[in-house]
Amino acid sequence: MSLKIASREVAHVTILDIHGRIILGEELGQLRDAVHRLVNEGKKKIILNLVGVDYIDSSGVGELVGCYTTVRNAGGELKLLNLTQKVQDVLHVTKLYTVFDIRDDEFKAVKSFDYFFAK
């Protein structure tokens, strides 16, 4: 199953809805390209909605970290939304759960970029 990425904007926050498998190969390139394109367009508030991601391998985890770093280096923030159980398990095992800002509710995730509502 190939990776499908749809982009949408909610209150000046760009959300990438991701469906498929984040694995070594073309899928990683798609994710990397999507995030780099947003950064190049000056988008600094990005949410990766992983509700449709049923599998992620170690290369995929590395790419998530790479995307996070790219956005941070550009002065932005990248957050994760709606992790499936398999993705949650991988992030717990790799101890990356503490690195990412992970949300379960889209409204709260979008509002978390507004520091007044971040609590």
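Which elements do the buried residues of α1 pack against? Keep that in mind while you get your bearings; we'll select α1 shortly.

**The whole chain**

Start with everything shown as cartoon. This is a predicted model, with four helices and five strands. Follow the chain along the sequence and you'll read off β-β-α-β-α-β-α-β-α. The C-alpha atoms fill a box of roughly 35 × 30 × 25 Å along the principal axes. For 119 residues, a compact globule would have a radius of gyration near 14 Å, and the protein's 13 Å agrees with that.

Now switch on the surface. About 6,500 Å² is accessible, and 53% of that belongs to carbon and sulfur atoms. Buried residues account for 42% of the 119. If you display contacts between residues at least 6 apart in sequence, 66% of them join residues at least 24 apart.

**Helix α1**

Select residues 26–40, which make up α1. At 1.5 Å a residue, its 15 residues should span 21 Å, and the end C-alpha atoms are indeed 21 Å apart. Next, show side chains for the buried set: E27, L28, G29, L31, A34, V35, L38 and V39. Here's the answer to the opening question: the buried residues of α1 pack against β1 (4–10), β2, β3 and α2. While looking at that set, remember that an α-helix has 3.6 residues a turn, so residues three or four places apart point the same way.

Step just past the end of α1 to G42, where phi is positive at about 85°.

**T14, in strand β2**

Select T14, which sits in β2 (residues 13–22). Is T14 buried or exposed? Its relative accessibility is 2%, so T14 counts as buried. Show what surrounds it: setting aside neighbours within four places in sequence, T14 contacts S7, R8, E9, L38, K43, K45, I46 and I47. L38 may look familiar, as one of the buried residues of α1.

**Strand β4 and its partners**

Move to residues 77–81, strand β4. Four of its five residues are buried, so β4 is largely enclosed by the rest of the structure. To get here from β3, the chain goes through helix α2 (residues 58–73), making a right-handed β-α-β crossover. Colour β3 (residues 45–56) as well: β3 and β4 pair in the parallel sense over five bridges. For a landmark, select L48 and L80, which are bridge partners.

Now add β5 (residues 101–103), which pairs with β4, again in the parallel sense, over three bridges. Here the landmark is L81, whose bridge partner in β5 is R103. The chain travels from β4 to β5 through helix α3 (residues 85–93), and this β-α-β crossover is right-handed too.

**Two backbone stops around α3**

Before the last selections, a reminder: most residues other than glycine have a negative phi. Now pick N82, in the loop between β4 and α3. N82 isn't a glycine, yet its phi is positive, at about 55°. With a relative accessible area of 23%, N82 is partly exposed.

Then go past α3 into the loop that leads to β5 and select K95. What is the phi of K95? It is positive, about 65°, and K95 is not a glycine either. At 64% relative accessibility, K95 counts as exposed. That's the last stop on the tour.

Methods
Residues numbered from 1 in each chain as written. Predicted model: local features only at pLDDT ≥ 70, side-chain atom pairs only at ≥ 80, totals over all residues. Heavy atoms only, no water. Buried < 20%, exposed > 50% of the residue type's maximum accessible area, 1.4 Å probe, protein only. Contact = heavy atoms within 4.5 Å. Pairing = 2+ DSSP bridges. Right-handed = clockwise from strand over helix to strand, strands pointing away. Rg over C-alpha atoms; globule rule 2.2 N^0.38 Å. Areas by Shrake-Rupley, 256 points an atom, 1.4 Å probe, with all protein chains shown as cover. Expected span 1.5 Å × (residues − 1).
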